[in-house]
Every structure is written in structure tokens, then in C-alpha cells.
Amino acid sequence: MFYEIRTYRLKNGAIPQYLKVVEEEGIEIQKSHLGTLVGYFFSEIGTINEIVHIWAFASLDDREARRQRLLADPRWQAFLPKIRDLIEVAENKIMKPASFSPKGEAH
């Protein structure tokens, strides 16, 4: 199991707008392609204006295939401009759980 941790720093004050459009349109498109949403979070203390969402994949090949399907979806292509200008910085990490992690097995 692999976990993709996507972190976005948004423009100041953009969290409500971002969350609204993702909840109303984006998340269902993502879930239909990406599969397992582990969590979707926003900051209240610490680094402000930050969104973190975590997705689980069986393998890196699984992730690649699912992301390609998402990117090819016309609904996603129409949705992206609604959030693109709200994001100032994007970071992406792929994490593999340790064997003793409650969320998966290391191989």
C-alpha cells in the first residue's frame, strides 16, 4: 500500500471557497477515479491556508493508472480552473507505511 499526501497552500482566505467547490463538484470526480480517500484536511493552527488530502493506492502503477484516468476525464478538466488560481504552492509526497503502521503493510 502507498499513500499519496498532497499539500496545497492556498491564497489568504481562500479555504472556504476551495472547500465549497471541492465538496460540491471535485471530490466525487476524484473518488470515482482515485478510489480510497484516507482523509481531507485544512489547517487551523500552524501553517495557515493549508489543505492536505491523502489517497491510498495498492501500488505505484495503480496510482499512475488512476491519476491518468482522472486527468483524462472531461469533468475534471472543467473543474480544475475553479481551484487552480486558489492554490499558491503544491507539494506531493508518496509514503509507504511501516510494517507496524495501523494503516497498511510494508513489503
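User: Hey, how exposed is E91, and what's its relative accessible area?
Analyst: This is a predicted model, and in it E91 is partly exposed, with a relative accessible area of 42%.

User: Which residue does E91 meet in a salt bridge?
Analyst: That would be K93: the two side chains meet in a salt bridge, 3.9 Å from N to O. K93 counts as partly exposed too, at 41% relative accessibility.

User: Which residues get joined into one network by salt bridges that share partners?
Analyst: E4, R6 and R63 are joined into one network that way.

User: Why can side chains pair up like that at all?
Analyst: Side chains can pair when they carry opposite charge and their charged atoms come close.

User: How many salt bridges does a search of the whole structure find?
Analyst: Nine. One of them is between the side chains of E25 and K82, at 2.6 Å from N to O.

User: Where do E25 and K82 sit in the chain?
Analyst: E25 is in helix α1 and K82 is in helix α4, 57 residues apart, so this pair links distant parts of the chain. E25 is partly exposed at 31% relative accessible area, and K82 is partly exposed at 39%.

User: What about R66, which residue does it bridge to?
Analyst: R66 forms a salt bridge with D62, with the closest N and O atoms 2.8 Å apart. Both lie in helix α2, four residues apart, which is about one turn of the helix.

User: Are R66 and D62 buried or partly exposed?
Analyst: R66 counts as partly exposed at 24%, and D62 does as well, at 21%. The cut-off is that buried means under 20%.

User: New topic: where's H53, and is it buried or exposed?
Analyst: H53 lies in strand β3, residues 50–57. It counts as buried because its relative accessibility is 1%, and buried means under 20%.

User: What does the H53 side chain make a polar contact with?
Analyst: The side chain of W55, at 2.9 Å. Leaving aside neighbours within four places in sequence, H53 is also in contact with residues including E4, R6, Y8 and Y40.

User: Last thing: how much space is in the largest pocket, and which residues lie nearest its centre?
Analyst: About 240 Å³ of space lies in there. It's lined by 16 residues, and R6, Y8, W76, L80 and I83 lie nearest the centre.

User: What kinds of residues make up that lining, and which elements supply at least two each?
Analyst: The lining divides into 11 nonpolar, two polar and three charged residues. β1, α1, α2, α3 and α4 each supply at least two of them.

Terms used
Residues numbered from 1 in each chain as written. Predicted model: local features only at pLDDT ≥ 70, side-chain atom pairs only at ≥ 80, totals over all residues. Heavy atoms only, no water. 1 Å grid on protein atoms, 1.4 Å probe; cavity = no way out; pocket = protein on both sides within 12 Å on 5 of 7 lines; lining within 4 Å. Points joined across faces, edges and corners; volume = space filled by probe spheres on them. Nonpolar A, V, L, I, M, F, W, Y, C, P; charged D, E, K, R; others polar. Buried < 20%, exposed > 50% of the residue type's maximum accessible area, 1.4 Å probe, protein only. Polar contact = N/O pair within 3.5 Å; in protein donor to acceptor, adjacent residues only side chain to side chain. Contact = heavy atoms within 4.5 Å. Salt bridge = Lys/Arg side-chain N within 4 Å of Asp/Glu carboxyl O.
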